[in-house]
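Got the model open in your viewer? Let's take a walk through it, one selection at a time.

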Amino acid sequence: MEKRIEAAYQSAPRTWIRKLLLALLVAGLMAWSSSTVEFTAAGSGLEVAGNILSGIFHPDTKLLFNFTTSGVAYLLLETLCIAFLGTIVGAVISVPFSFLSATNLVPRPIALLGRFAIAAIRTVPAFIYGLMFIRVTGPGPFAGLLTMSLCSIGMVSKMFIESIEDLDKRILESLDAAGCTTFQKIRYGILPQLFPDFMSTLIYRFDMNLRDATVLGLVGAGGIGAPLIFAMSSYRWNEVGAILLGLILLVLVIEAISSRIRAKLTRG
């Protein structure tokens with residue numbers, strides 16, 4: 001047995017030379033790329049980091065508890081509305097897209113055309129959509145709503161299509177054998193299967209839209225993103241801390257609610 005193992009070891013190909021050359025090549029590329037990195041003074045960077053942490057742990061309470069249109073509460077509500085309405089509008093548009101792109105419901109050429117349109121929508125980043133709609137409607141929450149709606153179509157349609165293609169046709173065949181009408185088959189055969197998956201997808205997409213709506217505010221599409229970037233640019237770290245604290249609380253509340261809803265959908 002030992003001789004057999006030794007013979008197999010001796011007959012194994014010697015690849016250490018190639019591995020060594022590959023390691024030397026990777027090390028050379030890393031050394032060459034690091035030559036373009038410029039290191040700034042660490043003191044100023046540490047000072048800025050300290051100011052950011054100090055602002056986060058000592059937020060501006062006046063801004064945090066300001067209930068006017070310039071306060072954190074109103075801006076968070078605006079961000080929440082942009083994300084929620086964007087999810088709803090995107091879902092409404094995604095439903096016909098999904099049924100027209102499911103290969104088990106429509107001919108394959110039509111399904112491929114619908115999938116191509118959905119893929120094209122998903123290709124463009126949200127920032128590009130935001131800048132486009134700002135040019136059309138002007139800066140404000142409406143541009144953010146349109147951006148969130150269009151961005152939701154790509155992902156929501158893709159998830160809806162997978163749910164539709166996983167439909168249990170035996171249930172529909174049983175209802176058809178029982179003499180049910182088309183409306184009854186949709187009501188009792190299709191909707192009960194699709195509703196939990198559809199709602200779970202929408203909740204997940206709403207969580208994503210809530211974060212994306214915050215980022216879209218940086219380009220003027222409404223929400224709390226613009227005040228956040230203005231406060232950071234002006235080095236008003238106490239205001240940054242107040243805005244971030246409000247965002248953290250909002251995300252935690254939404255996460256707790258969505259987790260309960262998903263748990264109920266899973267249990268039926």
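Start with the cysteines: the structure holds zero disulfides. In general, a disulfide is a covalent bond between the sulfur atoms of two cysteines. Keep in mind as you click around that this is a predicted model.

Select C81 and C151 to see two cysteine positions. C81 counts as partly exposed, because its relative accessibility is 36%. C151, with a relative accessible area of 15%, is buried.

**The whole chain**

Now zoom out and colour by secondary structure. What will you find, and how many helices and strands are there? The protein chain has twelve helices and zero strands. Reading along the sequence, the pattern is α-α-α-α-α-α-α-α-α-α-α-α. If you colour by accessibility instead, buried residues account for 31% of the 268 residues in the protein chain.

**Helices α5 and α8**

Next, select residues 72-101, which is helix α5, and residues 141-165, which is helix α8. At what angle do α5 and α8 pack? The angle is about 40°, and the axes are 5 Å apart. The two helices are therefore oblique to each other: an angle under 35 degrees would have counted as roughly parallel. The crossing of α5 and α8 is right-handed. Show the side chains where α5 meets α8, and the residues of the contact divide into 16 nonpolar, ten polar and two charged.

Stay on helix α8 and pick out two of its residues. P141 lies in this helix and is partly exposed, with a relative accessible area of 38%. Draw a distance from the C-alpha of P141 to the C-alpha of G217: you should get 8.6 Å, although the two are 76 residues apart in sequence.

L145 is also in helix α8. Is L145 buried or exposed? At 19% relative accessibility, L145 counts as buried, since the cut-off for buried is under 20%. Now try a distance from L145 to T87: their C-alpha atoms are separated by 8.8 Å, with their positions 58 residues apart along the chain.

**Adding helix α6**

Keep α8 on screen and add residues 108-123, helix α6. The axes of α6 and α8 come within 8 Å and cross at roughly 140°. That makes α6 oblique to α8, because an angle has to be over 145 degrees to count as roughly antiparallel. Which hand does the crossing of α6 and α8 have? This one is left-handed, whereas the crossing of α5 and α8 is right-handed.

On helix α6, click A117. A117 is partly exposed, with a relative accessible area of 26%. Its C-alpha sits 9.5 Å from that of S101, and the two are 16 residues apart in sequence.

**The aromatic pairs**

Time for some rings. A pair of aromatic rings is described by the distance of the centres and the angle of the planes. How many aromatic pairs does the count come to here? There are two aromatic pairs.

For one of them, show F84 and F206 as sticks. Their ring centres are 6.1 Å apart and their planes stand at 85°, so the pair is edge-to-face. F84 belongs to helix α5 and F206 to helix α10 (residues 182-216), so this pair links distant parts of the chain, 122 residues apart. F84 counts as partly exposed because its relative accessibility is 45%, while F206, at 13%, counts as buried.

Now move to F160 and F198. Here the ring centres lie 3.7 Å apart and the planes are at 15°, so the pair is stacked. This pair also links distant parts of the chain: F160 is in helix α8 and F198 in helix α10, 38 residues apart. F160 counts as buried at 1% relative accessibility, and F198 counts as buried at 13%.

**Last stop: helix α11**

Finish by selecting residues 225-233, helix α11. Which residues of helix α11 are buried? They are G225, A226, L228 and A231. For a helix in general, there are 3.6 residues a turn, so residues three or four places apart point the same way. Just past the end of α11, click Y235: this residue follows the helix, and its phi is positive, near 60°.

Technical notes. Residues numbered from 1 in each chain as written. Predicted model: local features only at pLDDT ≥ 70, side-chain atom pairs only at ≥ 80, totals over all residues. Heavy atoms only, no water. Axes fitted to C-alpha atoms, helices over the stretch in contact; angles between N-to-C directions. Helix = DSSP H or I, 4+ residues; strand = E, 2+ residues; numbered from the N terminus. Parallel < 35°, antiparallel > 145°, perpendicular 65-115°, else oblique. Left-handed = near helix turned anticlockwise from the far one by under 90°. Nonpolar A, V, L, I, M, F, W, Y, C, P; charged D, E, K, R; others polar. Phe/Tyr/Trp six-rings, centres within 6.5 Å; stacked < 30°, edge-to-face > 60°. Buried < 20%, exposed > 50% of the residue type's maximum accessible area, 1.4 Å probe, protein only. Disulfide = S-S within 2.5 Å.
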